[in-house]
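Let's take a walk through this one together, starting with a sheet and ending at the ligand. Have the viewer open as you read.

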Amino acid sequence: MPPLVVATREALREALGDTRPGLVPTMGALHTGHCALIERAARENALTVVSIFVNPTQFGDPADLARYPRDLERDIRQAGEAGADMVFAPTVEAVYPPGFDTFVEPGDVALRWEGASRPGHFRGVATVVTILLNLVQPRRAYFGEKDYQQVQVIRRIHHDLALPGDIVACPTIRDPDGLALSSRNARISPTARVQAAAIPRAIAAVQEAAAGGEQIVERLNGIAADMLQTAGLRVDYVAIVDGETLAPLQTLRGKARLLVAAEIDGVRLIDNAPAVACGAG
Ligand code: AMP
């Protein structure tokens with residue numbers, strides 16, 4: 001059965017009643033990575049809601065917002081096939097009603113890495129996630145570890161602001177060559193797509209060096225940065241950080257996370273994994 005599609009706050013509340021569903025927030029352009037989240041939500045909840053909303057407040061660059069891929073009909077079909085019962089596809093005005101003037105400003109965990117490269121990004125994410133969690137009142141909300149810092153920011157605001165439901169972080173889904181699936185991958189040329197596979201290779205090389213006993217973060221970061229540059233990518237950052245606070249580390253310790261952001265063909269790609277491999281990541 002195709003999912004029920006609702007577009008306003010009121011229609012969503014009316015359709016849900018007292019039901020506390022599983023919620024998968026997305027910006028659409030759904031791919032296998034999103035579908036894995038939806039499938040998991042459908043397994044773990046009696047009712048699954050997928051939100052599809054390209055959130056303008058998390059884009060610093062209007063051109064980036066304008067070229068974000070949109071195909072609602074296809075997304076609704078895909079969400080339904082993955083197990084969604086309901087799609088919440090609001091207009092900008094439904095999420096941010098006239099006069100909207102309240103934002104959620106996350107603290108330290110949002111300042112570095114993506115936060116530094118994309119000023120205001122996590123403020124927009126934190127604000128829209130707060131609105132969605134309050135509106136949907138989910139029992140569980142599902143997010144991908146692909147956006148690792150985003151998950152940590154959301155965990156922080158969820159705890160600090162006593163937002164409803166549980167936050168569930170799901171492993172990154174990858175192409176066979178290891179590149180993390182992303183709606184942005186569609187924008188890179190076939191040649192650049194081959195170069196982009198240096199990202200998962202660089203991550204694996206760091207994990208291998210760490211497994212071989214290298215503990216100095218500067219050296220480990222250097223391994224990844226060299227590999228990315230050699231493959232023709234422009235490195236934005238390579239960092240090994242505390243997996244919760246995202247503070248940079250000097251030497252490896254438990255739960256260290258490797259974060260990578262690099263650009264190819266004008267497309268910015270991010271990835272991450274445990275600095276010391278432990279299976280999926
Ligand atoms: P987006 O539409 O890019 O905002 O992503 C919606 C959700 O899907 C976020 O929680 C992302 O972290 C998650 N997601 C995106 N790509 C992947 C992937 N390759 N594997 C797992 N989750 C993902």
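Start with the open sheet, which has three strands in the order β7-β8-β9, with antiparallel pairing. Keep in mind that you're looking at a predicted model. The edges of this sheet are β7 (234–242) and β9 (267–274), each of which pairs on one side only. From one strand to the next, the twist averages 15°. In general, strands of a sheet pair through backbone hydrogen bonds, either parallel or antiparallel. Here, β8 (residues 256–264) and β9 run antiparallel and share eight bridges. For a spot to zoom in on, find Glu263, which sits opposite Arg268 in β9.

Now bring in the helices. Helix α10 (residues 198–211) lies across β7, β8 and β9, and its direction is at about 25° to β9. Helix α11 (residues 217–230) packs on the sheet too, touching β7 and β8, with its direction at about 155° to that of β7.

Next, the ligand. Which residues come nearest to it? Of the 17 around the ligand, they are Met27, Gly144, Asp147, Ile173 and Leu181. By type, the shell splits into eight nonpolar, seven polar and two charged residues. β2 (22–26), α2 (32–44) and β5 (140–144) each chip in at least two shell residues, and α2 gives the largest share, with three.

As for polar atoms, a backbone N or O atom of Met27 is 2.9 Å from a ligand oxygen, and a polar backbone atom of Gly144 is also 2.9 Å from an oxygen atom of the ligand. His34 uses its side chain instead, with an N or O atom 3.0 Å from a ligand oxygen. Taken alone, the ligand exposes 480 Å², and the protein buries 92% of that.

Conventions. Residues are numbered from 1 along each chain as its sequence is written. This is a predicted model: local features need pLDDT of at least 70, side-chain atom pairs count only at pLDDT 80 or more; totals for chains, interfaces and linings use all residues. Side-chain values use heavy atoms; hydrogens and water are left out. A residue is near a molecule or strand if one of its heavy atoms lies within 4 Å of it. A polar contact is a pair of N or O atoms within 3.5 Å; within protein, one must be able to donate a hydrogen and the other to accept it, and residues adjacent in sequence count only if both atoms are side-chain atoms. Accessible areas come from the Shrake-Rupley method with a 1.4 Å probe; for residues, only the protein chains shown count as cover. Helices (H or I, at least four residues) and strands (E, at least two) are DSSP runs, numbered from the N terminus. Ala, Val, Leu, Ile, Met, Phe, Trp, Tyr, Cys and Pro count as nonpolar, Asp, Glu, Lys and Arg as charged, and the others, Gly among them, as polar. Two strands pair if DSSP finds at least two bridges between them. Axes are lines fitted to C-alpha atoms, for helices over the stretch in contact, and angles run from 0 to 180 degrees between N-to-C directions. Contact means heavy atoms within 4.5 Å.
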